[in-house]
Amino acid sequence: MANKILIIDDEPDNLTLTAQRLKISGYDVLGATNYTEAINLIRNKNPNLILLDVMMPDVDGFEVKNRLNKDISTASIPVIFLTAKNTLEDKINGLKLGVDDYITRPYVPEELVARIDSVLRRRKFYEDLSMTDGLTGLYNVYYFKKQIKTFFSIAKRYNQIFSLAIIDIDDFKKINDTYGHIVGDCVLKILSSVSKKVLRTADIITRYGGDEFAIILPSVNEDQAAIAMSRLKDDINGKSFVCKDYDVNISFSISVGVAQYQHSFKNEDELFELVDTRMYGDKRANKGSKENA
């Protein structure tokens, strides 16, 4: 999928020319001539990078970047200033605001594309490094906290829906005590692998910590999320898996809690606490079923 570049420039001719050059290079290009248009596109299209003109009549580029910095849902989007302003003071001010690069007009198209590619590659490298769980290859708790804030903010502002699920491996300590932590790690990898096969590519699967996983399901209501989690439980609970490297067959089960975003929630912590409570309710029910079996 092509990276989406948002060009913010109040001069339509400049915007059109830059957009044409970037489209030739394979980018998916969006355009806005003022801050209001830009923020709507940012909210709805989630661009990978913003190419921002400094000299605009209503809200200049410095103020646009300043506003983006103050909103957690937009602060991490890479920004390159593209402008005719070439003073050292302007460049320093831009860098102080955290812009990723500063390109002056007139520019060489090949250099512009190269600088955009460089920023995107660098950002992806550090994001992957800081947001990935080393054992499972899933996103980690830091990425989850960033994403849940973004989803909550967008849902609150635009009345969009999403659901959250929390998964916990039943009796995980017993697995570690019986087979060792190496096999416990194998179980975590198995759950990660099955989750990726069962759930949608749009679903954000994260290892929250220990044997607990948190999953954000975009544009999904609670009933739909519950069905997805039921499919996952069917593919895990009662099944036997092989830890090939250790010649061990093992079976395990998971407990799950699910809830949909509600406009009455004050913050994302309320949603998380509700899902966590439901997960522990499922765990108690699972334990009761085993004891009665």
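In what order do the four strands of the open sheet stand?

## The open sheet

In this predicted model, the four strands are arranged as β7-β8-β6-β11, and their pairing is antiparallel. The edges of the sheet are taken by β7 (204-209) and β11, each of which has a single partner strand, so one side of each is left without a neighbour in the sheet. On average, and with direction ignored, neighbouring strands of this sheet are turned by 20° against each other.

The antiparallel pair β7 and β8 is joined by five bridges, and Ile204 has Ile216 in β8 as its bridge partner. Helix α6, which spans residues 141-158, lies across β6, β7 and β8 and runs at about 125° to β7.

## The largest nonpolar core

The largest nonpolar core holds 33 residues, of which Ile167, Ile169, Met229, Phe252 and Ile254 touch the most other members. At least two residues of this core come from each of β6 (162-169), α7 (172-179), α8 (181-198), β8 (212-218), α9 (222-236), β9 (240-243), β10 (248-251) and β11 (254-260). It is α8 that gives the most to this core, with eight residues.

Once neighbours within four places in sequence are left aside, the contacts of Phe252 are Ile169, Ile175, Val187, Ile190, Leu191, Ile236, Asn237, Gly238, Lys239 and Phe241.

## A second core

Separate from the core just described is a second one of 22 residues, which includes Leu6, Ile8, Ala32 and Val64.

Terms used:
Residues are numbered from 1 along each chain as its sequence is written. This is a predicted model: local features need pLDDT of at least 70, side-chain atom pairs count only at pLDDT 80 or more; totals for chains, interfaces and linings use all residues. Side-chain values use heavy atoms; hydrogens and water are left out. A nonpolar core is a set of buried Ala, Val, Leu, Ile, Met, Phe, Trp, Tyr and Cys residues joined through side-chain atoms within 4.5 Å. Buried means under 20% relative accessible area, exposed over 50%, partly exposed in between (1.4 Å probe, protein chains only). Contact means heavy atoms within 4.5 Å. Two strands pair if DSSP finds at least two bridges between them. Axes are lines fitted to C-alpha atoms, for helices over the stretch in contact, and angles run from 0 to 180 degrees between N-to-C directions.
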